[in-house]
Amino acid sequence: MKKKLNGVCFGEILFDVFLEHKKIGGAPLNVASRLNSLGGKVSVISGVGNDLNGKELIEYLNVSGINTDAVQIKDNYPTGLVNVILNEKGNASYDINYPSAWDKIEISNENISIVEKADFFVYGSLSSRDLVSRKTLEQLLAVAKYKIFDVNLRVPHYTNKNVLDLLHAADFIKFNDDELNEICKDLNSNRRSLEQNIKFIAKETNTDTVCVTLGSHGAVLYCNDTFYHNCGFKVNVVDTVGSGDSFLASLIIMLLNGEDPQYAINFASAVGAIVAQNEGANPVISSSEIDDFLSGFDKIETKIKESATIHN
């Protein structure tokens, strides 16, 4: 029987503002939402303004069954907003308002207790762009049992030193390929291949689990000295907002529940692809939809193998 994992997501909760509408988002919120939908018990540590957007975010989390006890309400800072620009392929770029309420997350007995009791703690680099939230994050990392770093670089909201500090605190690191290349360059890696750079990061940070997403080309997982690959799923992309967050949440649930790493990365890639087929970061996805998606993939793989056997 699978354990009901208890997780905490730290950082930005906000609204993604598109040309004609807005959607609830922020990487920690997106990860928390997907963790919750997959059976995790989740708390969010963040901040919102004392405004209508803040009330809407807290209501959304409460209705979703996500613990909001450590979401702080800030009278002097607004709820976060991000202007999202989509290109013709559905890929997003972001203009992130500063300062926002989530930049001013303060340490408290409440959030220390929540993190101490959790099975895992998810954090990103964007949430530490401001000194107040950064200091809180450092104190929470000191008491967390298992630390998962979602790198999530957003120019100009990070420094190389801060990112490196956060890398060295992690037990599990998730990058995209551009982020991996940038950080390896900063660390003076002379490795050329993706896998060599992943092993370099794992050794440099003393981290035994590293995952790199490759957009439409899937993902690579390095876990306990072994590589696992998924080559991606061909889907009609509506937008990519939140697909990486759902991928990470799914991978966390699978790996920490002891699933085979190859199945874990296949499952996570399927969930990320399904999200990309839909508008917004947090579409409702049923377990049967994921099973059907993976089943279709397995049938294609079987046909490919059978065809290769016939031709040989």
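These exercises, each with a worked solution, cover one predicted protein model.

Residues are numbered from 1 along each chain as its sequence is written, and side-chain values use heavy atoms, with hydrogens and water left out. In this predicted model, local features need pLDDT of at least 70 and side-chain atom pairs count only at pLDDT 80 or more, while totals for chains, interfaces and linings use all residues.

**Exercise 1. The whole chain**

Task: Describe the secondary structure, compactness and surface of the protein chain.

Solution:
- Step 1. Start with the secondary structure. The chain has 10 helices and 13 strands. Helices (H or I, at least four residues) and strands (E, at least two) are DSSP runs, numbered from the N terminus.
- Step 2. Check compactness. The radius of gyration is 19 Å, close to the 20 Å that the globule rule gives for 312 residues, so the chain is as compact as a globular protein of that length. The radius is taken over C-alpha atoms, and the rule is 2.2 Å times the number of residues to the power 0.38.
- Step 3. Add the box. Along the principal axes, the C-alpha atoms fill roughly 70 × 45 × 40 Å.
- Step 4. Look inside. Buried residues are 52% of the 312. Buried means under 20% relative accessible area, exposed over 50%, and partly exposed in between (1.4 Å probe, protein chains only).
- Step 5. Look outside. The chain exposes about 14,900 Å², and carbon and sulfur atoms supply 49% of that area. The areas come from the Shrake-Rupley method with a 1.4 Å probe; for residues, only the protein chains shown count as cover.
- Step 6. Consider contacts (heavy atoms within 4.5 Å). Among those between residues at least 6 apart in sequence, 69% join residues at least 24 apart.

**Exercise 2. Helix α1 and Leu-29**

Task: Is helix α1 largely enclosed or open, and which residues does Leu-29 contact?

Solution:
- Step 1. Count the buried residues. In α1 (residues 27-37), 9 of the 11 residues are buried, so the helix is largely enclosed by the rest of the structure. Among them are Ala-27, Val-31 and Leu-35.
- Step 2. Pick one residue. Leu-29 lies in α1. Leu-29 counts as buried because its relative accessibility is 0%.
- Step 3. List its contacts. Beyond neighbours within four places in sequence, Leu-29 is in contact with Glu-12, Ile-13, Ile-24, Leu-57, Tyr-60, Leu-61 and Asn-282.
- Step 4. Look just after the helix. There Gly-39 takes a positive phi of about 105°.

**Exercise 3. A buried charge**

Task: Which side chain of opposite charge is nearest to Glu-12?

Solution:
- Step 1. Place the residue. Glu-12 sits in the loop between β1 (6-10) and β2 (14-17).
- Step 2. Sort the charges. Lys and Arg count as positive, Asp and Glu as negative; His and the chain ends are not counted.
- Step 3. Find the partner. The nearest is Arg-154, 7.2 Å away. Glu-12 is buried yet has no salt bridge. A salt bridge needs a side-chain nitrogen of Lys or Arg within 4 Å of a carboxyl oxygen of Asp or Glu.
- Step 4. See what surrounds it. Leaving aside neighbours within four places in sequence, the contacts of Glu-12 include Gly-25, Leu-29, Trp-102 and Asn-152.

**Exercise 4. Three salt bridges**

Task: Which parts of the chain do the pairs Arg-129 and Asp-103, Glu-138 and Lys-135, and Asp-165 and Lys-161 come from?

Solution:
- Step 1. Note the total. The structure holds 6 salt bridges.
- Step 2. Take Arg-129 and Asp-103. Their side chains meet at 2.7 Å, N to O. This pair links distant parts of the chain, 26 residues apart: Arg-129 is in the loop between β8 (120-124) and α4 (131-141), and Asp-103 is in the loop between β7 (92-96) and α3 (109-117). Arg-129 is buried at 12%, and Asp-103 is buried at 0%.
- Step 3. Take Glu-138 and Lys-135. Their closest N and O atoms are 3.9 Å apart. Both lie in α4, 3 residues apart, about one turn of the helix. Glu-138 is partly exposed at 40%, and Lys-135 is partly exposed at 43%.
- Step 4. Take Asp-165 and Lys-161. Their closest N and O atoms are 2.9 Å apart. They are 4 residues apart in α5 (residues 160-169), about one helical turn. Asp-165 is partly exposed at 42%, whereas Lys-161 is exposed at 59%.
- Step 5. Apply the helix rule. An α-helix has 3.6 residues a turn, so residues three or four places apart point the same way.
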